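Subject: A structure for you to look at

Hello,

Here is the structure I promised to pass on. Please open it beside this message, and I will go through what turned up.

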Amino acid sequence: MKVAVLALDGVFGSGLSAILDVLHTANALRDELPQPPPEWRLRTVGFRRRVTTGVGHVVLTEPARSALDADLLVVPAAAERRPDALLAYVSGDTTRPARRLLAEAGAAGMPMASACTGTFLLAESGVLDGRRATTSWWLSPVFRARYPAVDLDETAMVAFSGGVTTAGAAFSHLDLALAVVRASSPALAELVSRYLVVDDRPSQAAYAIPAALARNDPTVSAFERWAREHLHEPLVVPDAARALGISERTLQRALSRTLGTTPVRFVQDLRIEQAGHLLRTTDLPLPVIARRVGYENASTLRLLLRTRAGTTATGLRGRG
């Protein structure tokens, strides 16, 4: 498989390296399998011969248009964490040639992959319209507001849709590259992950910080504060809305618009977060913790930890 990795000035260096290192490792380990997949022929492409990463390292590239004959085009993240600056970057003159290249590749049906802030560039180019995608969990409100045509699932670590693979926050470049390997050989992906000591991380939900997401909207932020004060009580959404001086519908719309969720699911996230904190930092029994975060039965909390956070109470105890 011919893989072109697009490096632009300001690229997130660890992301670029992770993709190249994982695929080079896969090539090196292929022969350990009885039926190895074809090797990955890698090249780094760009619009300048010498590209500078976000931390000042220089990367040599081949011409960007050579990517159009690849079997897969990979777009690593930009090393930009500020939402306003990121949107200016992906929509500005600096990235216009990249957007044209991605749009052309997308129109030709070329498979593509990206992670973290790189997914913004795919979305800005129209490649993700009508597709399911993920991105950095903490940028999801900004992404959702700018690209309503994209079916965003910020809880996913890796999302596949219509030939396009996207991955979550910065170090999910590892997960992205392993997904590329897994598409050709699950056995080789398992072997690579063992050699590189990369754990399976199916969801970003365990890493998300609800308070950081809530800051993107004043109504959501006010609801978050109210919910934390009443976390041990059963949630009654109309009561919450009245306490905030808004209608229940306004509250629901604010959460849907900003976070793509409902009041009930958002409060569940807060309860999971607090329960995880108590499991890591105290010796309280699980039934006591469950009651402190609003659940009468510990089994309900166990189920939510497993299905929403991809973890268990025992696993969280071990991280204390």
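Which residue of S2 does Val3 stand opposite? Val3 faces Leu42 there. Before I go further, please keep in mind that this is a predicted model.

**The sheet**

Val3 and Leu42 belong to a pairing in which S1 and S2 run parallel, with 5 bridges between them. S1 also pairs in the parallel sense with S6, this time through 3 bridges. In that second pairing, Ala4 has Leu73 as its bridge partner, and Val5 stands opposite Val74. S1 is largely enclosed by the rest of the structure, because 4 of its 5 residues are buried.

S6 then carries the sheet on to S7 (residues 112-115), again in parallel and again with 3 bridges. Here Val74 stands opposite Ala113, while on the S1 side Val74 stands opposite Val5. In a regular strand the side chains alternate between the two faces of the sheet. You can follow this along S6: Leu72 and Val74 point one way, Leu73 and Val75 the other, and all of them are buried.

Taken as a whole, the sheet is open and has 7 strands, in the order S5-S2-S1-S6-S7-S11-S10, with mixed pairing. The edges are held by S5 (62-63) and S10 (158-161); each has a single partner strand, so one side of each is left without a neighbour in the sheet.

**The helix between S1 and S2**

S1, H1 and S2 together make a right-handed β-α-β unit. H1 covers residues 13-29, and its length works out well: at 1.5 Å a residue its 17 residues should span 24 Å, and the end C-alpha atoms are indeed 24 Å apart.

Is H1 enclosed or open to the outside? It is largely enclosed by the rest of the structure, because 12 of its 17 residues are buried. Among the buried ones are Gly13, Gly15, Leu16, Ile19, Leu23 and Leu29. The elements covering the buried residues of H1 include the strands S1 (2-6), S2 (41-46), S4 (58-60) and S6 (72-75). Helices H6 (173-184) and H7 (186-196) are also part of that cover.

**The largest pocket**

The largest pocket holds about 900 Å³ of space. Its lining is made up of 37 residues, and those nearest the centre are Gln204, Ala205, Ala206, Tyr207 and Ala208. The elements that give two or more residues to this lining are H8 (210-214), H12 (263-281) and H14 (298-308). Which of the elements gives the most to the lining? That is H12, with 8 residues.

**One more residue to look at**

Ile289 sits in helix H13 (residues 286-292). Its relative accessible area is 0%, which means that Ile289 is buried. Leaving aside residues up to four places away in sequence, Ile289 touches Ala275, Leu278, Leu279, Thr282, Leu284, Leu301 and Arg317. If you would like a sense of scale, Ile289 and Val158 are 131 residues apart in sequence, and their C-alpha atoms are 31 Å apart in space.

I hope this helps you find your way around. Do write back if you would like to talk any of it through.

Best wishes

Note on methods. Residues numbered from 1 in each chain as written. Predicted model: local features only at pLDDT ≥ 70, side-chain atom pairs only at ≥ 80, totals over all residues. Heavy atoms only, no water. Expected span 1.5 Å × (residues − 1). Buried < 20%, exposed > 50% of the residue type's maximum accessible area, 1.4 Å probe, protein only. Contact = heavy atoms within 4.5 Å. Pairing = 2+ DSSP bridges. Right-handed = clockwise from strand over helix to strand, strands pointing away. 1 Å grid on protein atoms, 1.4 Å probe; cavity = no way out; pocket = protein on both sides within 12 Å on 5 of 7 lines; lining within 4 Å. Points joined across faces, edges and corners; volume = space filled by probe spheres on them.
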